[in-house]
Amino acid sequence: MTTNHDDTENGDDVSRDDIDDETAADDERGDPTVRTPGGGESPEPQPIEPAAPEEFGLVQAWWGDGKGKTTAAMGMGFRAAGHGYRVHMLQFMKGGADSVEGVRGEYNAIAAVPGFSYENAGHYGWHGLLDGSADDEHEAKATAAFERAEALVAAAGEADLTEPLALDGDPEGGVHMLIVDELLYAVDHGLVDPDDVVALAESKPERLELVLTGSHAAPDYLDGVADLITNVRKVAHPFDDGQRARKGTEF
């Protein structure tokens, strides 16, 4: 059965068959771009204005022994912010070796993009790696960071995520995407209970996109909870050959 669609400009009924016939005719005329986004026109950057996503609401988990988990999450954050959605990144345990500078390139970039904000709630240094940082301080920081994550999820539940949010608004006023970076590593190190992570995911409001990263071990506790679970697998890594973190790629 053919479904007819009302053409609101001229009042005519336009059938799917008519549309398919026109597309086929364009194909025959040798226009290979007819079915591409934008009809083959190169997209032009547009001013970033507050907007609300129509399809957000999933839980994502990015884990694995390969490089790129945080990078992927931030890439999605930049993409969402580019559409005018409100994005916030909360980081656990983002320390690193002494080759990593205190100011990171991603922080400068985030600060330059409307609607994208971040905070580092973790301890500089890595729990259990004898890098001079005290493990009990890591535990206290991780506890406070997780409480902060709970508060941000709760705040999103109080906001109307079907509406645009102020791009310069505090994250306590609600966000469309919340990236909780390195949370899964904190679970690995025994600093956060996996059951609490499950409860956090299950408590999120329907329209909040929640992105969790970290962990070299599979977060099996998120099976059936996360909608997207990606294993970032290492095939080769320069770190194994003694290459330290590089400015512009790792920080």
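Reader: Is Tyr107 buried or exposed?
Author: This is a predicted model, in which local features need pLDDT of at least 70 and side-chain atom pairs count only at pLDDT 80 or more, while totals for chains, interfaces and linings use all residues. Residues are numbered from 1 along each chain as its sequence is written, and side-chain values use heavy atoms, with hydrogens and water left out. Buried means under 20% relative accessible area, exposed means over 50%, and partly exposed lies in between (1.4 Å probe, protein chains only). With a relative accessible area of 6%, Tyr107 counts as buried.

Reader: Thanks! How many helices and strands does the protein have?
Author: Helices (H or I, at least four residues) and strands (E, at least two) are DSSP runs, numbered from the N terminus. Along the sequence they follow the pattern β-β-α-β-α-β-α-β-α-β-α-α-β-β. The totals are six helices and eight strands.

Reader: What percentage of the 251 residues is buried?
Author: The residues of the whole protein go into this total. The buried ones make up 39%.

Reader: How many aromatic pairs does a search of the whole structure find?
Author: Rings of Phe, Tyr and Trp (its six-membered ring) pair if their centres lie within 6.5 Å; planes under 30 degrees apart are stacked, those over 60 edge-to-face, and the rest tilted. Searched this way, the structure gives aromatic pairs to the number of three.

Reader: How is the pair of Phe78 and Phe116 classed, and why?
Author: A pair of aromatic rings is described by the distance of the centres and the angle of the planes. Here the centres of Phe78 and Phe116 are 4.9 Å apart and the planes stand at 70°, so the pair is edge-to-face.

Reader: Which parts of the chain does that pair tie together, and how many residues apart are they?
Author: Phe78 belongs to helix α2 (residues 69–82), and Phe116 to strand β5 (residues 116–120). The pair therefore ties together parts whose separation in sequence is 38 residues.

Reader: Which of the two, Phe78 or Phe116, is buried?
Author: Phe78 has 28% relative accessibility, so it counts as partly exposed. At a relative accessible area of 5%, the buried one is Phe116.

Reader: And how is the pair of Tyr107 and Tyr118 classed?
Author: The ring centres of Tyr107 and Tyr118 are 4.1 Å apart with their planes at 10°, so this pair is stacked. It links distant parts of the chain, 11 residues apart: Tyr107 in helix α3 (residues 105–112) and Tyr118 in strand β5. Tyr118 is partly exposed, at 32% relative accessible area. The class asked for is stacked.

Reader: How many salt bridges are there?
Author: A salt bridge is a side-chain nitrogen of Lys or Arg within 4 Å of a carboxyl oxygen of Asp or Glu. By this rule, the number of salt bridges is two.

Reader: Which residues are linked in a network of salt bridges?
Author: Glu119 bridges to Arg148, with the closest N and O atoms 3.0 Å apart; Glu119 lies in strand β5 and Arg148 in helix α4, so this pair ties together parts 29 residues apart in sequence. Arg148 also meets Glu172 in a salt bridge (3.0 Å, N to O), which links helix α4 with the loop between α4 and β6, 24 residues apart. Glu172 is partly exposed, with a relative accessible area of 44%. The network joins Glu119, Arg148 and Glu172.

Reader: Which non-glycine residue in the loop between β6 (177–181) and α5 has a positive phi?
Author: Most residues other than glycine have a negative phi, and most peptide bonds are trans. The residue in question has a phi of about 70° and is buried, with a relative accessible area of 5%. It is Glu182.

Reader: What is the phi of Ser215?
Author: Ser215 sits in the loop between β7 (209–213) and β8 (228–231). At 1% relative accessibility, Ser215 counts as buried. Its phi is positive, although it is not a glycine, and is near 80°.

Reader: How far apart in space are Leu183 and Pro194?
Author: Leu183 lies in helix α5 (residues 183–188) and is buried, at 0% relative accessibility. In sequence, Leu183 and Pro194 are 11 residues apart, while C-alpha to C-alpha the distance is 9.9 Å.
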